[in-house]
Amino acid sequence: MDYKNAGVDIEAGYRSVELMKKHVQETMRKEVLTNLGGFSGAFSMEAFKNMEKPTLVSGTDGVGTKLKLAFIMDKHDSVGIDCVAMCVNDIACAGGEPLFFLDYIACGKNYPEKIASIVSGVAEGCKQSNAALIGGETAEMPGFYPEDEYDLAGFAVGIVDEKDIITGKDVKAGDVLIGMASSGVHSNGFSLVRKVFSMDKKTLDTYHEELGTTLGEALIAPTKIYVKALRSIKDAGVRIKACSHITGGGFYENIPRMLPEGKCAVVEKDSYEIPAIFKMLAREGEIAEQMMYNTYNMGLGMILAVDPADVDKTMEAVKAAGETPYVVGKIEDGEKGVTLC
């Protein structure tokens, strides 16, 4: 008896590392001091020593049950983007610049080409956010996961000068809410998605005119990464007063998190076009509107508050970064929360 007979293929692990090296190398920043394969990743803070009060910000998350789609569709090169997005968007939401990312893949059986495909998506997410992929772990766990399944999670660290942290404390009545378009469902609410739609290849491969693509492609579209857009706004000289990453819990849970006591966010539902996938999901699942807004991003992956005088500059900065912005509402005095009208 040996480790391979027990279900853990060490040679496959070595091959996975070799296959992923080219993807990892594409994410490197000059601050990275170590090579892939070491016991830890080292990142120099020399470039940030001139900040008044350099402050680390961090985020960790996974892809969740969206991975079930990847298994069924046998498509593994985009869920890594989701994993990175869920972490770095939270960091950027606080005003931080993502610095580096580490991933964790746990699988029932190590198929090197599949692992490399997953990591290629992680690397792409890192490139989109200018974060270095400085380490990770691939754990082969036979008997714990089915052979053809895996879990994927990650952890990111960023930096911000303390004076630039976005806290929401200065939000006032009259401030304007600007939303940035999502790519679809992103990485939240898939347990409900999987109850509404049959999770089989035939259903997922079916083309729908209203979606302009197959159901599977619409659902597996990777989460938007808003790091560049938020950096573009800052570079335009705009101070973002508050920022909310619309993830699990939708509008009702996430928007209030960016508000101080005594301030209410008023969002106009008809201020932008809700993507077809959400309309289809609500219709096919007979899901009430309130539940949709309490579960999904409904087409807005990030919502921020700015001074009315900064609206035009903010809109142009978001467009310059390649994202689509909408003026979606305003801040009013009142009980902390969100009102949809």
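This is a short tutorial dialogue on reading features of a predicted model.

Me: Let us start with aromatic rings. By what is a pair of aromatic rings described?

Reply: By two values: the distance of the centres and the angle of the planes.

Me: How many aromatic pairs does a search of the whole structure find?

Reply: It finds six. One of them joins F71 and Y150. Their centres are 5.0 Å apart, and their planes stand at 75°. That pair is edge-to-face.

Me: In which elements do F71 and Y150 lie?

Reply: F71 is in helix α2, residues 67-73. Y150 is in strand β4, residues 150-161. The two parts are 79 residues apart in sequence, so the ring pair ties them together.

Me: Are F71 and Y150 buried or exposed?

Reply: F71 is buried, and Y150 is buried as well.

Me: Take Y272 and Y326 next. What are the distance and angle of their rings?

Reply: The centres lie 5.8 Å apart and the planes meet at 45°. The pair counts as tilted because that angle falls between the cut-offs of 30 and 60 degrees.

Me: Where do Y272 and Y326 sit along the chain?

Reply: Y272 is in the loop between β9 (263-267) and α10 (276-285). Y326 belongs to strand β11, residues 325-333. The pair links distant parts of the chain, 54 residues apart.

Me: And accessibility? Is Y272 buried or exposed?

Reply: Y272 is buried, at 7% relative accessible area. Its partner Y326 reaches 23% and counts as partly exposed. The cut-off for buried is under 20%, so the two residues get separate labels.

Me: A charge can also meet a ring. Which ring lies under the charged end of K109?

Reply: The ring of Y111. The charged end of K109 is 5.8 Å from the ring centre.

Me: Now helix packing. By what are two packed helices described?

Reply: By the angle between their axes and the distance between the axes. Here, helix α3 (residues 79-93) packs on helix α4 (residues 112-129). The angle is about 40°, and the axes are 6 Å apart. That angle makes α3 oblique to α4. The crossing of α3 past α4 is right-handed.

Me: What are the angle and distance for α1 and α4?

Reply: Helix α1, residues 10-25, packs on α4 at about 30°, with axes 8 Å apart. That makes α1 roughly parallel to α4. The limit for this label is under 35 degrees. In handedness, α1 passes α4 in a right-handed crossing.

Me: Backbone angles next. What sign of phi do most residues other than glycine have?

Reply: Negative. N130 has a positive value, near 60°. N130 is in the loop between α4 and β3 (132-140). At 37% relative accessible area, N130 is partly exposed.

Me: What is the phi of E286?

Reply: About 50°, positive, although E286 is not a glycine. E286 lies in the loop between α10 and α11 (289-293). Its relative accessible area is 74%, so E286 is exposed.

Me: Sequence separation and distance in space can be read side by side. How far apart are K336 and C264 on both scales?

Reply: They are 72 residues apart in sequence, and 4.9 Å apart C-alpha to C-alpha. K336 is in the loop between β11 and β12 (337-340). With 33% relative accessibility, K336 is partly exposed.

Me: How far apart are K263 and V8?

Reply: In sequence, 255 residues; in space, 55 Å, C-alpha to C-alpha. K263 is in strand β9 and is buried, at 15% relative accessibility.

Me: And F43 and L102, how far apart are they?

Reply: They are 59 residues apart in sequence and 12 Å apart in space, C-alpha to C-alpha. F43 lies in the loop between α1 and β1 (54-62). F43 is buried, at 13% relative accessible area.

Me: Last, the record. Which residues does UniProt list for "domain: PurM-like N-terminal"?

Reply: Residues 54-160, in an unreviewed entry. In the model, that span is 37% helix and 37% strand. Its end C-alpha atoms lie 6 Å apart.

Me: Which residues does UniProt list for "domain: PurM-like C-terminal"?

Reply: Residues 172-337, again from an unreviewed entry. The chain there is 34% helix and 22% strand. The end C-alpha atoms of residues 172-337 are 14 Å apart.

Conventions
Residues numbered from 1 in each chain as written. Predicted model: local features only at pLDDT ≥ 70, side-chain atom pairs only at ≥ 80, totals over all residues. Heavy atoms only, no water. Phe/Tyr/Trp six-rings, centres within 6.5 Å; stacked < 30°, edge-to-face > 60°. Helix = DSSP H or I, 4+ residues; strand = E, 2+ residues; numbered from the N terminus. Buried < 20%, exposed > 50% of the residue type's maximum accessible area, 1.4 Å probe, protein only. Lys NZ or Arg CZ within 6 Å of the ring centre and 35° of its normal. UniProt positions renumbered as here; feature names shortened; annotations may be inferred. Axes fitted to C-alpha atoms, helices over the stretch in contact; angles between N-to-C directions. Parallel < 35°, antiparallel > 145°, perpendicular 65-115°, else oblique. Left-handed = near helix turned anticlockwise from the far one by under 90°.
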